[in-house]
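Biologist: Please show me the sequence and the structure. I would like to ask about bonds, strands and the core.

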Amino acid sequence: EIYYQDGMIFTADKKKLVWVNGGVETLKVPQGVLEISEEAVKDRDVTKAILPASVKAIKNDAFTSSQAIQFKISSKNKRYGVKNKCVYSKVSKRLVVGVLDSKGVMNIPSTVKRLSPNCSLVGGTVNKLKIPKSVTKLEKGWYDSNKYGIDGTKIYFSSLKAPNKGKDIIPMNAKIYVPKKAYKAYKSWMKSDKESAAFSKLLKK
């Protein structure tokens, strides 16, 4: 069984939001909802999402959309927060929803320490991806070309220390800009996944 309210479809117990109908522009998730299911809001008409304190899980691609979405999350929510327009996990410190500005720039907030393949991407094609010093962990497959782009996306690393090495860590089809002082460290990092690195270019900022 399901429960329907204001263009939203929930499980019968009203704890999971599983679908949002077209035409809903302001999504106000009711208090008591624990989970936003996978692809629940993907490519809908939502331009503003208001999430309550009760939400404990935002699943893969829950909000992925080519158009911009403004997020507002209750300050009482212990799991999720918003900074630089993006949604991050207060618990795992991972990026949950990456949001682009009008110029296609994603400025990942300093509250993020890890990037994973499970995040949603909002706002269209990424022209520039700015990764702060706080990010120290890149999970395998974090850079999905279908999301971030396959035509020379510019990625800017701020840290003087290269992130973790490994296969499927190096972004493909990207221009990777790093601090001049750390160029050698990042060059070594690129060699850890030669197959992916062969399709990208390492540049000094």
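Questions and answers on this model follow.

Modeller: This is a predicted model, where local features need pLDDT of at least 70 and side-chain atom pairs count only at pLDDT 80 or more, while totals for chains, interfaces and linings use all residues. Residues are numbered from 1 along each chain as its sequence is written, and side-chain values use heavy atoms, with hydrogens and water left out.

Biologist: How many salt bridges does a search of the whole structure find?

Modeller: Side chains of opposite charge can pair when their charged atoms come close. A salt bridge here is a side-chain nitrogen of Lys or Arg within 4 Å of a carboxyl oxygen of Asp or Glu. Searching the whole structure gives three.

Biologist: Which residue forms a salt bridge with arginine 114?

Modeller: Helices (H or I, at least four residues) and strands (E, at least two) are DSSP runs, numbered from the N terminus. The closest N and O atoms of this salt bridge are 2.8 Å apart. Arginine 114 lies in strand 13 and its partner in the loop between strand 16 and helix 1, so the pair ties together parts that are 25 residues apart in sequence. The partner is glutamate 139.

Biologist: Which residue pairs with lysine 167 in a salt bridge?

Modeller: The closest N and O atoms are 3.3 Å apart. Lysine 167 sits in the loop between strand 17 and strand 18, and the partner is in helix 3, so parts 28 residues apart in sequence are tied together. That partner is glutamate 195.

Biologist: Is glutamate 195 buried or exposed?

Modeller: Buried means under 20% relative accessible area, exposed over 50%, and partly exposed in between (1.4 Å probe, protein chains only). Glutamate 195 has a relative accessible area of 56%. The class is therefore exposed.

Biologist: How far apart are the closest N and O atoms of glutamate 39 and lysine 42?

Modeller: These two residues form a salt bridge. Glutamate 39 is partly exposed at 34% relative accessibility, and lysine 42 is partly exposed at 24%. Their closest N and O atoms lie at 3.7 Å.

Biologist: How many disulfides does the count come to?

Modeller: A disulfide is a covalent bond between the sulfur atoms of two cysteines. The rule asks for a pair of cysteine sulfur atoms within 2.5 Å. The sulfur of cysteine 86 has its closest cysteine sulfur in cysteine 119, 9.1 Å away, so a bond is ruled out by distance. The count is zero.

Biologist: Which residues of strand 6 point to one face and are buried?

Modeller: In a regular strand the side chains alternate between the two faces of the sheet. Along strand 6 (residues 48-51), Lys48 and Ile50 point to the other face and are not buried. The buried residues are Ala49 and Leu51.

Biologist: Which strand do four bridges join to strand 6?

Modeller: Two strands pair if DSSP finds at least two bridges between them. Strand 4 pairs with strand 6 in the parallel sense over three bridges. Four bridges link strand 6 to another parallel strand, where lysine 72 is the bridge partner of isoleucine 50. That is strand 8.

Biologist: Which strand gives the most to the largest nonpolar core?

Modeller: A nonpolar core is a set of buried Ala, Val, Leu, Ile, Met, Phe, Trp, Tyr and Cys residues joined through side-chain atoms within 4.5 Å. The largest has 59 residues, and Met106 and Trp189 are among those with the most contacts inside it. The strand that gives the most to this core, with four residues, is strand 11.
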